[in-house]
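Visitor: Hey, I've got a structure to look at and could use a hand. Can we go through it together?

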Amino acid sequence: MEHTERILNILKERNIVPNQVATAIGISDSLFSKWKLRPTSKISSEILVSIADYLDCSVDYLLGRTENPEMNQ
């Protein structure tokens with residue numbers, strides 16, 4: 001699963017509207033539309049970290065490197 005698909009799935013599971021995330025982290029709403037159309041679209045590391053922080057999960061989880069969403073302390 002691509003990281004964009006994982007992000008969109010988490011938003012759906014948590015009933016979070018994409019524009020909430022966009023507004024909170026300072027990106028355009030259109031980026032989420034782009035990701036829906038092209039799940040393989042690349043996300044900068046800075047935006048990926050901001051999304052992980054907003055969702056309170058690890059970047060590794062968003063990237064599919066682990067199935068554990070918890071951030072390691």
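Visitor: How much area does the protein chain expose?
Guide: About 4800 Å², with carbon and sulfur atoms supplying 46% of it. Those accessible areas come from the Shrake-Rupley method with a 1.4 Å probe, and for residues only the protein chains shown count as cover. Keep in mind that this is a predicted model: local features need pLDDT of at least 70, side-chain atom pairs count only at pLDDT 80 or more, and totals for chains, interfaces and linings use all residues. Residues are numbered from 1 along each chain as its sequence is written, and side-chain values use heavy atoms, with hydrogens and water left out.

Visitor: OK, how many helices and strands are there?
Guide: Five helices and zero strands. These are DSSP runs numbered from the N terminus (helices are H or I, at least four residues; strands are E, at least two).

Visitor: And which residues touch the most other members of the largest nonpolar core?
Guide: Ile7, Leu11, Phe32, Trp35, Ile51, Leu55 and Leu62, out of 19 residues in that core. A nonpolar core is a set of buried Ala, Val, Leu, Ile, Met, Phe, Trp, Tyr and Cys residues joined through side-chain atoms within 4.5 Å. Buried means under 20% relative accessible area (1.4 Å probe, protein chains only), exposed is over 50%, and partly exposed is in between.

Visitor: Which helix gives the most to this core?
Guide: Helix 4, with five residues.

Visitor: What is Ile7 in contact with?
Guide: Skipping neighbours within four places in sequence, Ile7 is in contact with Phe32, Ile43, Leu48, Ile51 and Leu62. Contact means heavy atoms within 4.5 Å.

Visitor: New topic: what share of the chain is buried?
Guide: Buried residues make up 33% of the 73 residues.
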